[in-house]
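I opened a fresh page for this chain and kept my notes in the order in which I looked things up. The structure goes in first, and the entries follow.

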Amino acid sequence: MQENREPDHGQQPDTIEQQNSDLPNDNFDHKEVEQLLHSGMLSSRETLTGFDHPQWDDIVTPLMPLNYGKNSPLVADLDDPADRLQQERILLLGCYDNTVILHSVQLLLDKLSISRQNRFLINCDRENPRVANLSMEFFLEEELPKDFGCAIDVRPLEGQAFLYSLNELSFPAFRTLRNRLHDLDSCIICMVHPGFMRSRFPSGCNTATYREISFLKPVLQTRFPHNHDELVKKITRQRQNGDWGGNEEEFYRIVSSYLAENRLEEEIAGREKYKGSQGSSSALNIAGAELFPEDDHLLLLKKTVLYVAAFFPGLTPHDFTSTVSLLLGESTAQVPVQETRIREDGSKEKIETFEEQSLLKIWRRNNDAILAENQLTASTGGESVRTIGFTNPYLSNALGRFMEEQFPFFLDEQFTVIKKRGLLFTSSGKMLENVIALSVKMALSNVRHHGRQWLSGMLMQLNHELHTNNDCPGDLHGLLEHILEQMEKDIHGHIIYTRISYLIREMLHHDPLQKMVRDFFEQLINTGDHTGLLEIVKKLRNVPGFDEFFWMQQLLERGRGKVKKETYTLLYRHIINSGQAFPSRMEKLMQWLPEADKPLANYSNANRFALWVIMSFAIDSVAQLQAKARGEHSSLPELFPLLTTTDSGPNPLQLVNWLFHPGISLLFAGDGDKDAPHLLHDRLLMVLYLLLEVDCYTDQLDTLPETSKFLVRTIAGHLVSLQQHPEKSALFLSSALLAQWFILLHNRDNTQRGNTKEAALQKSLLSAVANHTRARPAHHKRLTAYWRGISNDILGIINTVPPEQRNTRRLLSRKRTLLKQLVKTYRNIRKNSKQNNASLHAIS
């Protein structure tokens, strides 16, 4: 027996036919029903999954085991890091030696009893594009396995964004992350570069603990198993006397160099005997007196080779040779040659003449000999990679300082070639690091010439060549061929702007360069390169000193067409994927909202897009809560913290003011954006889909023809009646959202006694609605009419469902009861709104 319709307060239609008399009379067939419902389901699923989040299996690889013994010297040194990792479940670990840090990670995971098959690695490098935008929010929001140990290598340039996101986490967010990892019996170890930590986080990370592992003892034990303790003591004593370099990074480079040459024991003994005679001052004298003889006909070649050695350390032989060749270009020198001349008497004599020869050809014929003449050699370093370096490791820093003092014009000329040849876009990671470090140094020495003008000119030239069919002029021809070989697709966004963003990220850490960066961004907007600025903004989020909200606002206000929509998508992702930073970012967005009495014609683009973000999140939150009610995972932040009152944050009245903001009707009207009404009606369809509980009987529609027909007529009727009335559409959407929030809050109240936090939130929310409608009686009437109408829609569905479908009928009946309770509760609160105004500030 079908359920009879119960009387509601106020006038209602007496029959289903009367209820739907104003709906279209078209006879929809089943295919159209499925199409309509499928549209709703797609909207819901897209919302629940958020955006293009990487999944666990997409970004992890197995952490390969290392062969090490139980008697490793690191075991004792790792006691404190292991205790920290056990307590906090996330640790920053630094070491200059790659083998030692990987060794340490495995030992730490041993101490936490993480099984070998559950150890994973996330490598933040160019070979793993899914990790490009990875942040700590991934571990806060996404589904994770249990009992895992994950090492994240954030040492490459691509990994710095991840480290910044960890540093930006609030303490509550970090506590949430720590508790989640505890619950999963899992841990995270971030492998960081010690030099980066010292320069960017001198006081330590704001959240996770950082521990640095000394490389010396484990490295020497590997090479000198019988006398490593004695060698460690001698080196330590010598360092205390000012030997072996000024900092840990230089110390590691010097020791690695001597190890590669099998000369470490000899060097230690020599320092014991001569007390540091190989120090940096001696190296500087050698650099000036021996490496740059004024009568050398190949002085330019030598200066070029030594320039690359000093300012581009750690290059492989291939990269070193390529860089020297690029800088030499078409340079020539007058080289002495021996000629045989025949005298008048027929005898022969040898004379010396000069011949112009290509320095590039000389370099290619004699590069091994030239390296040796300039105290350079190829050796295997700590990562088992052969690199070019000085036989006297002190020469690297000392020679760089010497050349800066003695050859400033030469250095300026070489950097000009580097800029023109596009070394910023090299495929070598070490080369890229060197180019960025040198570029920042040169920009600090001449902001105008080596800063904004270079970046702007480079982008203009690259943009021109990438979008025309003309031959590439001058130096960019080889560069573009090189880039195209590396990236057949999306070269414009992936290579150019990614590398420029890395450079700008380093510049932002230097106060004298921040204005130059702002000027460069402004020039991008003024010259119409809005796509370029957007790509850079994407990659600079969370970087200290960068105001992403300001530049997104500039793109929304001054960008064109597609860029505006992509910026809106970025803005929405930036807010809803912000985890515990969500309230603070929403507070920034609120500054963009227009005043309620501001004429619609005077709305700025930022005003419009702020309303879009708020309404989109309000709609998505319904699907998020629905998913959590079903036990599913959702990456969207919680809505209901916005319903609590704080001194500065959002409160229920503020949320209601957003929902009933007059600008929402502007969005439904389109206001020049022909896609806006369609998009909003699609989101409205999703809310109706959830309100009418379509999900609980979608699979049964083939056997429920009457339900299908009624459902389509009902939903289509709502859409048709609203689509020509922006104000009614906006109010209907707000009423539907309020109804679903009320119901979901009620479902979260497991006690059903009405005295829980959920019940208080219900009351707080409806009190805010009552406060809003007290001065707007038309809104009050429409709200209650819409709620009663949805209740009757559900009644109509119930009357089409066969009696044997008891679960479906029971679920729908309960929802209808809750809708009637919503109307009753709201009316009671409104009647007593004066007494209940205090409840707006009673929830904490």
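What percentage of the 844 residues in the chain is buried? I noted before anything else that this is a predicted model, and then read off that buried residues make up 53% of the chain.

Entry on the whole chain. I listed the secondary structure and arrived at 39 helices and ten strands. For the accessible surface I wrote down about 39200 Å², with 47% of it belonging to carbon and sulfur atoms. Turning to contacts between residues at least 6 apart in sequence, I found that 76% of them join residues at least 24 apart.

Entry on the sheet. I followed six strands through an open sheet with mixed pairing, and the order I recorded is β1-β3-β4-β5-β2-β6. At its edges I placed β1 (61-62) and β6 (209-212), each of which pairs on one side only. I reminded myself that strands of a sheet pair through backbone hydrogen bonds, in either a parallel or an antiparallel sense.

Entry on the pairings. Starting from β1, I saw that this strand and β3 are antiparallel and share two bridges, with threonine 61 standing opposite leucine 121 of β3. From β3 I went on to β4, where five bridges join the two strands in parallel, and I marked arginine 119 as standing opposite glycine 149 in β4. I also checked how covered β3 (residues 119-123) is, and four of its five residues turned out to be buried. Further along, β2 (residues 90-94) and β5 (residues 187-192) run parallel and are joined by five bridges; in this pair, isoleucine 90 has isoleucine 188 of β5 as its bridge partner.

Entry on a helix against the sheet. I found helix α8 (residues 160-167) packed on the sheet, where it touches β2, β4 (149-153) and β5, and its direction makes about 135° with that of β2.

Entry on the cysteines. How many disulfides does a search of the whole structure find? I counted zero, and then looked at two cysteines to see why they are unpaired. For cysteine 124, the closest cysteine sulfur is that of cysteine 190, and because the two sulfurs are 8.3 Å apart they are too far for a bond. Cysteine 187 has its closest cysteine sulfur in cysteine 150, at 8.7 Å, which is likewise too far for a bond. I added the burial of both: cysteine 124 counts as buried at 2% relative accessibility, and cysteine 187 counts as buried at 0%.

Terms used:
Residues numbered from 1 in each chain as written. Predicted model: local features only at pLDDT ≥ 70, side-chain atom pairs only at ≥ 80, totals over all residues. Heavy atoms only, no water. Pairing = 2+ DSSP bridges. Contact = heavy atoms within 4.5 Å. Axes fitted to C-alpha atoms, helices over the stretch in contact; angles between N-to-C directions. Buried < 20%, exposed > 50% of the residue type's maximum accessible area, 1.4 Å probe, protein only. Areas by Shrake-Rupley, 256 points an atom, 1.4 Å probe, with all protein chains shown as cover. Disulfide = S-S within 2.5 Å.
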